[in-house]
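Reader: I'm new to this one. Can you walk me through it?

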Amino acid sequence: MSGLGNLSSPELGGGELRVLVCTACEQIEDAAVGAACAASPQLRTLSLSLCTSLQSPLVLAPQLTEANMSGCTALRDGALRRMLDASPQLSRLSLAACASLVAPMLESDSLKRYPPTPTPL
């Protein structure tokens, strides 16, 4: 991981990036995730499992089909709503052990699988 600099706000993403895995990046910030998604219009798979500092990442990824947010213990309901609204192709979502979710609205025309237990991406 040398050369990443500040791991809480790394510069991630790119025009051709399709899969982004940031598992257990406990210090990654909401803004870094939002910037990575904005810079990656082809992003299809996003794994942020065990990123415990994430609260309201702005996941605007219209090509996203799979997301694993399991173990994001500070994740808020509004972040999920925005992600679902911005990701019309999302068909697989994992939210196991997201203790801060109170009453998330999980309505999406494309969402086919919402497993109650973590599934690897």
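Author: What follows is a short tour, from the overall layout to single residues. Bear in mind that this is a predicted model.

Reader: Start simple. How many helices and strands are in the protein chain?

Author: The protein chain has two helices and four strands. Read from the N terminus, the order is β-α-β-β-α-β.

Reader: How much of the chain is buried?

Author: Of the 121 residues, 40% are buried.

Reader: And the contacts? What share of those with a separation of 6 or more comes from residues 24 or more positions apart?

Author: That share is 52%.

Reader: Now the inside. How many residues are in the largest nonpolar core?

Author: The largest nonpolar core has 28 residues. Leu48, Leu64, Leu75 and Leu93 have the most contacts inside it. Two helices feed this core: α1 (30–38) and α2 (77–86) each supply at least two of its residues.

Reader: Why would such residues gather inside?

Author: In soluble globular proteins, nonpolar side chains tend to be buried together.

Reader: Take Leu48. What does Leu48 touch, beyond residues up to four places away in sequence?

Author: Leu48 touches Cys22, Val33, Leu54, Asn68, Met69 and Cys72.

Reader: Back to α2. Which residues of α2 are buried?

Author: Ala79, Leu80, Met83, Leu84 and Ala86 are buried there. The buried residues of α2 pack against β3 and β4.

Reader: Any general rule for how residues line up on a helix?

Author: Yes. An α-helix has 3.6 residues a turn, so residues three or four places apart point the same way.

Reader: Next, empty space. How many cavities of 30 Å³ or more are there?

Author: A search of the whole structure finds one. The largest cavity holds about 40 Å³ of space.

Reader: Which residues line the largest cavity?

Author: The lining is Pro57, Val59, Met69, Leu75, Ala79, Leu80 and Met83. By class, that makes seven nonpolar, no polar and no charged residues. Some names come back from earlier. Leu75 has a place among the core residues with the most contacts, and Ala79, Leu80 and Met83 are buried residues of α2. Met69 is also one of the residues that Leu48 touches.

Reader: Switching to cysteines. How many disulfides does the structure hold?

Author: Zero.

Reader: Why is Cys37 not bonded to Cys22?

Author: The sulfur of Cys37 is 9.1 Å from that of Cys22, its closest cysteine sulfur, so the two are too far apart for a bond. A disulfide needs the sulfur atoms within 2.5 Å. Cys51 is in no disulfide either; the nearest cysteine sulfur, in Cys25, is 5.1 Å away.

Reader: Are Cys37 and Cys51 buried or exposed?

Author: Cys37 is buried, at 2% relative accessible area. Cys51 is buried too, at 0%.

Reader: Let's go to the start of the chain. Where does Leu12 lie?

Author: Leu12 is in the segment before β1. With 25% relative accessibility, Leu12 counts as partly exposed. Leaving out residues up to four places away, Leu12 touches Cys22, Ile28, Ala36 and Ala39. Between the C-alpha atoms of Leu12 and Val33 there are 7.9 Å, although the two are 21 residues apart in sequence.

Reader: And Val19, which strand is Val19 in?

Author: Val19 belongs to strand β1, residues 19–21. Val19 is partly exposed, at 49% relative accessibility.

Reader: What is Val19 in contact with, past four places in sequence?

Author: Leu43 and Thr45. Ser40 is 21 residues from Val19 along the chain, and their C-alpha atoms are separated by 9.4 Å.

Reader: Last topic, the backbone. What phi does Leu50 have?

Author: Leu50 has a positive phi of about 65°, although it is not a glycine. Leu50 sits in the loop between β2 (45–47) and β3 (66–68). At 44% relative accessibility, Leu50 is partly exposed.

Reader: What about Ala97? Where is Ala97 found?

Author: Ala97 is in the segment after β4 (92–94). Ala97 is not a glycine, yet has a positive phi of about 65°.

Reader: Is Ala97 buried or exposed?

Author: Exposed, with a relative accessible area of 58%. The cut-off for exposed is over 50%, so Ala97 passes.

Technical notes
Residues numbered from 1 in each chain as written. Predicted model: local features only at pLDDT ≥ 70, side-chain atom pairs only at ≥ 80, totals over all residues. Heavy atoms only, no water. Core = buried A, V, L, I, M, F, W, Y, C linked by side-chain atoms within 4.5 Å. Buried < 20%, exposed > 50% of the residue type's maximum accessible area, 1.4 Å probe, protein only. Contact = heavy atoms within 4.5 Å. 1 Å grid on protein atoms, 1.4 Å probe; cavity = no way out; pocket = protein on both sides within 12 Å on 5 of 7 lines; lining within 4 Å. Points joined across faces, edges and corners; volume = space filled by probe spheres on them. Nonpolar A, V, L, I, M, F, W, Y, C, P; charged D, E, K, R; others polar.
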